[in-house]
Amino acid sequence: MVRKMGKNRLHDLRLEWSRESHQSLRQRYLKPVIHTVALLSILTIFWCRFAGHFQTSRHIPSHRFYEPKCPPQEIISPKLHPEITEQNVEKLFKSEEFHKLSVERLAGAVKIPSEDFDDMGEVGEDKRWDVFFDIEDYFRQTFPLLYEYLTFEKINTHGLIYTWHGSNPHLKPILLTGHQDVVPVAEDTLPQWTYPPFSGHYDGTYINGRGSHDCKNNVLAILSSINALLSAGFTPQRTVILAFGFDEESPRGYGAKRIAAHLLEKYGKDSFAILLDEGLMGINKMYNRTFGVPQTSEKGSVDAILKVHMPGGHSSMAPPHTSIGILSKAITLLEDSARKNFPSRYTERNPFWTQLHCVAETEGTDMSRELRNAVLSGDGKAVEELLRKDFKSDILLRTSQAVDIFKAGSKSNALPQFAEAIVNYRISNEDTVSAVQSAIVNTLKPMLKEYGLKMVVGDEEDNSTAILPEGSISINWWRKLEPSPVSSHKSEVWRYFSGVIKHVFDEPGEESSVIVAPTIAQGNTDTKYFWDLTPQIYRFGPVRAWHDEGWGGVHDVNERISLEAHLECILFYHEFIRVFDEAKL
C-alpha cells in the first residue's frame, strides 16, 4: 500500500513539474514575443503618421500602374577625340593663364557700354546704336581665329552671325544664341554701385559691371569655347551657327527678329536640330538635391497702357476726382482682382508640372508629404492650394501682373489733365493674350458709370493723347506675345542635351548628382523670333547658382558674375558642341 501510494505521489509530482515547466516556458518565450509585436505595432503607427518627414527612398504611389513622369537621367559625354579632352578640359581650362585670359576677355566686353534704351530710333538714324560697332571690333580683335575659320555675316548692321561649316551637310545644324545689348544704367543708381558699372573690375572672385551676367557672360563663353576647339584642331561634322542680336532688352525687331528671318529664308522651316539661348541660372539646390532646370517654354506677355484724361485747371477748383485719383482706382481694381482674374492652374501644358514630378519621384528630396502625395496622385487642386504658400512656385502656375510705371502731374497747383500707367502681364501657358485683355476690360468697366467715363481700347500705335477725349480712360496694348510652344523633354534631342548637363555638372556622390527637369521661363528671350526654325528650343544658364547670392545683380545695381561660373559656361558650350557633333539625330 505504501509502495502504491509512492507511485501515485511520484506521478503527481511529475504532473506538477510539467505544469510549472510550461508556465516557465510561456513566461520565458511568449512574453517577449508579445512585447515585440506591441512595439512593432507602435512603430508602424508612428511611421505611417510621420513617414513623409523622414523618407529618402523613391516615393512611387502604391498602385501598380503608376508610370514615372520624370525624364530618364543619363550622363552623355564626348566619346571621340580624347586628345581634345586632355588638352582643353583637363589642362587648358584649369590653367591660371586661361583663367586670367577669360577675365580679360569678359571684362573687355563689359567695358563697352552697349546700352539698349526704350526710345531708340532706327538703326543708322539713332547714333546711340553706334556703340555696337565697338562690340564687333572687339570680337574681331579678341577672337581672330573665328574670323579666319568661320563665315561671318552682319544683319541690319549690328546683328552678328557666325557659321562654322560641318563636314556632313546632311546633319541638321545647331544654333547658339545670345545678345550684345545690356539694360541701361540709371543715373540715380550710380552711387549704389560698388564699382563703376562699365569698369569690368575683377575683384579676385567676380567680374563686375553691367552685362557681365546678362548676357555677355554667355556670348563670351560661346566664343571662347569655339576658339579653344579651333586651337585644338577640332573640325565639326555638324554645322554650328552663332547668332547674336542687339535689341533683346528693349525689343523692336531690329536685331534677332531679322536674324531669324534671314536664317529661315536660308535654311527653311524646322531646319535646326536644337536652339540654345540664355536662360535662368541652370543648376540649383532645391528640395535637398541638385537640379538642372532648362526652360522648355516661356510665358507670353502684354503691356496694358492705361490713360485717364480729365479737365485741367487751377488746384483751387478741384473736382472730387482728378485723373490721378481715377487712375489710382483703376490700378487698385486690377490689383484686387488679380487672383480672381488669373488663378493658379497646375496642368501638363506647363513644364513645371514635370519638374514637380521629378522632385516627387527622386530619392533624397525633402518635399512635404502632403505635396508629394498630391503630385503623385494627380490631385491638381491640392497642388495649387499647397503651392499658394510658396510664392516662387505659385507664380509659375499663373499669369502675373505688375504695375511698373505711373506718370502724372507737373505742378502742385495745377490739376493734371492726363495720368498714365503701364501694367505688365506675363501670360501662363493656360492663358492667351485675348483672355488677359478681356479680363482687364471687364475689371475696369464698373468704373465707367461710377465716374462718368468713356472707355477707348486700341493698340499701341493708337496711344496718343490727341485722340483721347476728355472724361475718358483708354487701354492700349503694347508688345503682345502669346506663350511659346513647349519643347519636348521626351525627344532624343532632350536626351543629349540633358546628358551633357549631367556630364558637366554632376558631382561625386549620389546626393550631388544633377536631376535634369524642365521648367518654364518667366521672362521673354530672343527665342520668340525663332519658333519656325526648330521645335527644340531651350533656355539655359549653364552656371551653378550658388556661386553668388540671388541673381547676381541682373537688371539691378552691382551686376556681376564669378570667374568660376564663367569658366563653367565655357566648359559647358565646349562639351555641348562636341556631344551634339556625335549625336545620332
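This report walks through the aromatic rings, cysteines, a sheet and some unusual backbone spots of a predicted model.

## Aromatic pairs

A pair of aromatic rings is described by the distance of the centres and the angle of the planes. In this structure the count comes to 24 aromatic pairs. One of them joins Trp129 and Phe132. Their ring centres are 5.8 Å apart, and the planes meet at 45°. That makes the pair tilted, because an angle from 30 to 60 degrees is neither stacked nor edge-to-face. Trp129 is buried, with a relative accessible area of 0%. Phe132 is buried too, at 1% relative accessibility.

Phe497 and Tyr538 make another tilted pair. Here the centres are 5.1 Å apart and the planes are at 40°. Where do the two residues lie? Phe497 is in helix H15 (residues 492–505), and Tyr538 is in strand E18 (residues 537–544). The pair therefore ties together parts that are 41 residues apart in sequence. Phe497 has a relative accessible area of 0%, so this residue counts as buried. Tyr538 is also buried, at 0% relative accessibility.

## A ring cluster and two charges

Phe497 and Tyr538 belong to a cluster linked by ring pairs. Its other members are Trp494, Tyr496, Phe505, Phe540, Phe572, Tyr573, Phe576 and Phe580.

Tyr496, a member of this cluster, also has a charge over its ring. The charged end of Arg495 sits there, 4.7 Å from the ring centre. Another such contact involves Arg560 and Tyr206. The charged end of Arg560 sits over the Tyr206 ring, 3.7 Å from its centre.

## The disulfide

A disulfide is a covalent bond between the sulfur atoms of two cysteines. How many disulfides does a search of the whole structure find? It finds one. The bond joins Cys70 to Cys358, with an S to S distance of 2.1 Å. The torsion about this S-S bond is about 100°, so the disulfide is right-handed.

Cys70 lies in the loop between helix H1 (2–54) and helix H2 (82–91). Cys358 lies in helix H10 (residues 351–361). The pair therefore ties together parts that are 288 residues apart in sequence. Are Cys70 and Cys358 buried or exposed? Both are buried.

## Two cysteines without a disulfide

Cys215 is in no disulfide. The nearest cysteine sulfur to Cys215 is that of Cys569, 9.2 Å away. Why is there no bond between them? A disulfide needs sulfur atoms within 2.5 Å, so a distance of 9.2 Å does not qualify. Cys215 is buried, with a relative accessible area of 0%.

Cys569 is in no disulfide either. For Cys569, the nearest cysteine sulfur is that of Cys215. Cys569 counts as buried, at 0% relative accessibility.

## A five-stranded sheet

Now to a sheet. Five strands form an open sheet in the order E11-E13-E9-E15-E14. The pairing is mixed. Which strands are at the edges? They are strand E11 (400–408) and strand E14 (454–459), and each pairs on one side only. From one strand to the next, the twist averages 20°.

E11 pairs with strand E13 (residues 418–427) in the antiparallel sense, over eight bridges. Ile405 has Ile422 in E13 as its bridge partner.

Helices lie across these strands. Helix H8 (residues 323–336) lies across strand E9 (300–309), E11, E13 and strand E15 (472–481). H8 runs at about 15° to E13. Helix H14 (residues 433–451) lies across E9, E13, E14 and E15. H14 runs at about 170° to E15.

## Unusual backbone spots

Most residues other than glycine have a negative phi, and most peptide bonds are trans. Some places here depart from that. The peptide bond from Asp214 to Cys215 is cis, with omega near 5°. Cys215 lies in the loop between strand E4 (206–208) and helix H6 (216–231).

His81 has a positive phi of about 55°, although it is not a glycine. His81 is found in the loop between H1 and H2. At 35% relative accessibility, His81 counts as partly exposed.

His555 also has a positive phi, about 60°, and is not a glycine. His555 lies in the loop between E18 and strand E19 (560–562). Its relative accessibility is 47%, so His555 counts as partly exposed.

Technical notes: Residues numbered from 1 in each chain as written. Predicted model: local features only at pLDDT ≥ 70, side-chain atom pairs only at ≥ 80, totals over all residues. Heavy atoms only, no water. Phe/Tyr/Trp six-rings, centres within 6.5 Å; stacked < 30°, edge-to-face > 60°. Buried < 20%, exposed > 50% of the residue type's maximum accessible area, 1.4 Å probe, protein only. Helix = DSSP H or I, 4+ residues; strand = E, 2+ residues; numbered from the N terminus. Lys NZ or Arg CZ within 6 Å of the ring centre and 35° of its normal. Pairing = 2+ DSSP bridges. Axes fitted to C-alpha atoms, helices over the stretch in contact; angles between N-to-C directions. Contact = heavy atoms within 4.5 Å.
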